[in-house]
Amino acid sequence: MSRHFKAKYPFLEVNISRAEGERIITKVLQETRAQKSLADVIQTPAFYLHALQKRGILGEYASADDRFYPRNFKEEKYWTTTYYNPYVVLYNTKLIAAQNLPQRYEDLLHPFWKNKMILEKDKIDWFTAMLHIMGRERGLRYMRDLSKQNPMLRIGQTLITQLVAAGEAALQVNSNAVTVNRLKQKGAPIDWVVPGPLPGLMVGVGLTSQAPHPAAARLFVDFLLSKEGQQLYQSAGRLVARSDLSQDENMKVRGAQIVPVDPAWAENFDEDSKLLKEIFSN
């Protein structure tokens, strides 16, 4: 994306620093405590953007293109979704027959699935979203029962998808549909199912409140949210929320109900992180 931006605005330099969700928060908080701000723009899951906004680290800015985004895909004046990733159930098509596929989340608690599953650990947004979808009490009970199925715990969505494709596990509980689709298109024996409402992890973009280059930062945000920028995301296989662009047909055909992960759920971040580590601890 930065390459296309630089081609359009060759007089601006773009330096990208990559890190995972919690590491971004740690890095930004450390810089803030040291009273130095090196980042102009932050793109990360909305869960973390909300936490940064509450700490005063995100500044106010609403792009002119913000009007094309549904209200539940943004936090007014602070950040807007650039793309989103639905959490689906991934399976190996050679190992799992169609009649055995889970139709409901509760089906994963059947003895058939014990020792056959893998779960990407530390996915706090997925965990919290499922508690809201199911209801907190029922959701926690479900998670504890799911842990008794002895799922393998791993980190790294691409790695886990490859492990399922290789037959190291028959099924992944919390998989990113976009990653699955990419590997499936290359011929991997994998697919995904919709056992209920799917948590939609929103990845958004916002300006830092102490952006060293605020004018250039606003221009970069405008580009990411523009129709041109969003079409670039789509060409890379991403799912976008912009209302004047066509939505993913695969999701429509499978009847997927996407539940955007409400960033306000981050208010329970510390408690839910502790619960997640306690439940899935092996």
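In this predicted model, the largest cavity has a lining of 15 residues, and those nearest its centre are Tyr61, Ala62, Ser63, Trp79 and Thr80. Three elements, β3, β8 (198-207) and α8 (214-225), each give two or more residues to that lining. The largest share comes from β8, which puts in three residues. As for what sort of residues these are, the lining of the largest cavity splits into eight nonpolar, three polar and four charged. The space inside the largest cavity comes to about 70 Å³.

How many cavities of 30 Å³ or more turn up by this rule? The count is two. The second largest cavity holds about 40 Å³ of space, and around it sit Tyr87, Val88, Tyr105, Trp126, Met130, Tyr142, Val173 and Pro199. At least two of these lining residues come from β3, and at least two from α4 (124-134). Here the lining is made up of eight nonpolar residues, with no polar and no charged ones.

Strand β3 (residues 79-92) is also home to Val89. Is Val89 buried or exposed? Val89 counts as buried because its relative accessible area is 1%, and the cut-off for buried is under 20%. Leaving aside residues up to four places away in sequence, Val89 touches Pro102, Leu108, Leu171, Gln172, Val173, Asp191, Trp192, Val193 and Pro195. One of these contacts, Val173, also helps line the second largest cavity. Then there is Ser175: this residue is 86 residues from Val89 along the chain, yet the C-alpha atoms of the two are separated by 5.8 Å.

Methods: Residues are numbered from 1 along each chain as its sequence is written. This is a predicted model: local features need pLDDT of at least 70, side-chain atom pairs count only at pLDDT 80 or more; totals for chains, interfaces and linings use all residues. Side-chain values use heavy atoms; hydrogens and water are left out. Helices (H or I, at least four residues) and strands (E, at least two) are DSSP runs, numbered from the N terminus. Buried means under 20% relative accessible area, exposed over 50%, partly exposed in between (1.4 Å probe, protein chains only). Contact means heavy atoms within 4.5 Å. On a 1 Å grid over the protein atoms alone, a cavity is a set of points where a 1.4 Å probe fits but cannot get out, and a pocket is an open set with protein on both sides within 12 Å along at least five of seven lines; lining residues have an atom within 4 Å of a point. Grid points are joined across faces, edges and corners, and a volume is the space filled by probe spheres set on the points. Ala, Val, Leu, Ile, Met, Phe, Trp, Tyr, Cys and Pro count as nonpolar, Asp, Glu, Lys and Arg as charged, and the others, Gly among them, as polar.
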